[in-house]
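Ready for some practice in reading a protein structure? Take a moment to turn the model around, then work through the exercises below.

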Amino acid sequence: LTSKLPDVGTSIFAVMTQLATEHGAINLAQGFPDFNPPAALTEALVRHAQGSQHQYAPMPGLMRLRELIAEKTARVYGVAAPDAGTDITVCSGATEALFAVITAVVRPGDEVVVLEPAYDSYAPAIRLAGGRPVYVPLRLPDFRPDWDQVRAALSPRTRLVMVNTPHNPTGAVWTEADWQQLAELLRGTETLLLSDEVYEHMTFDGRPHRSALQHEELRARAFVVSSFGKTYHATGWKVGYCVAPAALSAEVRRVHQFVTFAVSTPFQLAIADVLGDAGSYDYLPAFMQQKRDLFGQLMRGTGFELLPSEGSYFQLARYQQLAPGEADVAFARRLTQEAGVAVVPVSPFYHDGTDHGLVRFCFAKQDDTLRAAAERLQQFA
Ligand code: PMP
Ligand code: GLN
């Protein structure tokens, strides 16, 4: 059998989690919390598990959940609510939403602009659709786009531009000026926008998350993807969604109905029970910032140099002082084995394995987990 993705191995997140398990390491690698979702949510799930709705949900998602997503979008971003009937599609996690969008719009020979480092699911989805990723490196040390390079990457064949803010793995957060720049570049073109905003509720130091939905011009051509896995500390639930204008959403649904058809009914019901309460997500910036700050303090004296994290639940670090010249993948493996703390190397986020000597820590962990990890890292130093 000739593989359609011959160069693709197991995702680095799964690889590092497996290694962490083998070595009894504290897992600050794969992005997931080690604490439970809010009790109101798990209690709602128990109620619905014992209820009577266990059959297929409507293909685009439960109407009540879509209505609440529409209301939340209007409230959080101060914009006109998307139409719950036509503009919102509930998917099996953001991953399926991304895949459905890309499959729906990318045609053989189309180009898709991808800013790197980039989340690992983007490029395989583009390639399976017959598209060609056109990579633009984000600029170190702050991982901002170089707009001249983005402009140079655009062509009449550019079908889609992919954006991720707050950004995995760097924690960079787009400003209004960034969106303006992109809007100018796309003006007058047919190019669509796929904005991955799964960390929308995790920005720090009073910095707002700016959504593509807040930019009228971009919103008209945008698919905006989010994830209840991130918002509700429930990555294992695999419930996410895509917001897009009706005509674009119709194309997403054409694919979604044949990838999964519909998303688990009890999980949608449970989420719908809590989503109307803004308190179920409003606390997240302060909550995650406390963890970022605690981790930052605990890491002093370890020899890691932490880069700024403006949002997401990730933190990049340089390790040159500890291991001059060592490749990031080798260092991440060694740290897992020798220090008992698993991290993710950043080079797998680049199509060509660019190695800046950086590793990623996930700080969405209980304070005690962060303390225990930092203690091990202090000893490693
Ligand atoms: N996009 C980004 C940037 C992510 O970090 C993740 C989760 N790791 C996803 C998409 C996928 O989200 P989900 O778990 O809801 O499929
Ligand atoms: N998004 C998570 C991360 O960045 C992992 C998700 C996955 O394992 N596919 O670590």
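Here are five exercises, each with a worked solution.

This is a predicted model, in which local features need pLDDT of at least 70, side-chain atom pairs count only at pLDDT 80 or more, and totals for chains, interfaces and linings use all residues. Residues are numbered from 1 along each chain as its sequence is written, while chains are lettered from A and ligands numbered from 1 in the order in which they are written.

**Exercise 1. Find the two domains and describe where they touch.**

Step 1: Mark the domains, whose bounds come from an automatic or database domain assignment. Domain 1 covers 12–31 + 282–380, and domain 2 covers 39–277.

Step 2: Look at the spacing. Taken over C-alpha atoms, the domain centres are 26 Å apart.

Step 3: Study the contacts (two residues are in contact if their C-beta atoms, placed from the backbone, lie within 7 Å). Here 24 residues of domain 1 meet 24 residues of domain 2. On the domain 1 side, α13 (284–298) and β10 (314–318) each supply at least two residues. Helices (H or I, at least four residues) and strands (E, at least two) are DSSP runs, numbered from the N terminus. With five residues, α13 gives the most to that side.

Step 4: Sort that side of domain 1 by class. There are 13 nonpolar, eight polar and three charged residues. In this scheme Ala, Val, Leu, Ile, Met, Phe, Trp, Tyr, Cys and Pro count as nonpolar, Asp, Glu, Lys and Arg as charged, and the others, Gly among them, as polar.

**Exercise 2. Describe the surroundings of each ligand.**

Step 1: Begin with ligand 1 (a residue is near a molecule if its C-beta atom, placed from the backbone, lies within 6 Å of it). It has 13 residues around it, and Gly93, Ala94, Thr95, Asn168 and Ser227 come nearest. Helix α4 (residues 93–105) provides the largest share of this shell, three residues. The shell has three nonpolar, nine polar and one charged.

Step 2: Move to ligand 2. Its surroundings are Ser11, Phe13, Ala14, Gln30, Gly31 and Asn168. By class, that makes two nonpolar, four polar and no charged residues.

**Exercise 3. Locate two cis peptide bonds.**

Step 1: Recall the background. Most peptide bonds are trans, and most residues other than glycine have a negative phi.

Step 2: Go to Glu116 and Pro117, where the peptide bond is cis with omega near 5°. Pro117 lies in the loop between β3 (111–116) and α5 (122–128).

Step 3: Go on to Thr165 and Pro166, joined by a cis peptide bond with omega about -20°. The loop between β5 (158–164) and α7 (176–186) holds Pro166.

**Exercise 4. Is Asp205 buried, partly exposed or exposed?**

Step 1: Place Asp205 in the loop between β6 (192–196) and α8 (216–219). Although Asp205 is not a glycine, its phi is positive, about 60°.

Step 2: Apply the cut-offs: a residue is buried if 20 or more other C-beta atoms lie within 10 Å of its own, exposed if 12 or fewer, and partly exposed in between, with C-beta atoms placed from the backbone. Asp205 has 13 C-beta neighbours inside 10 Å, so Asp205 counts as partly exposed.

**Exercise 5. Trace the open sheet of four strands.**

Step 1: Read the order, β9-β10-β13-β12, with antiparallel pairing. Two strands pair if DSSP finds at least two bridges between them.

Step 2: Find the edges. β9 (305–306) and β12 (344–345) are the edge strands, each pairing on one side only.

Step 3: Look at β10 and β13 (residues 358–362), which run antiparallel and are joined by five bridges. Gln315 stands opposite Phe361 in β13.
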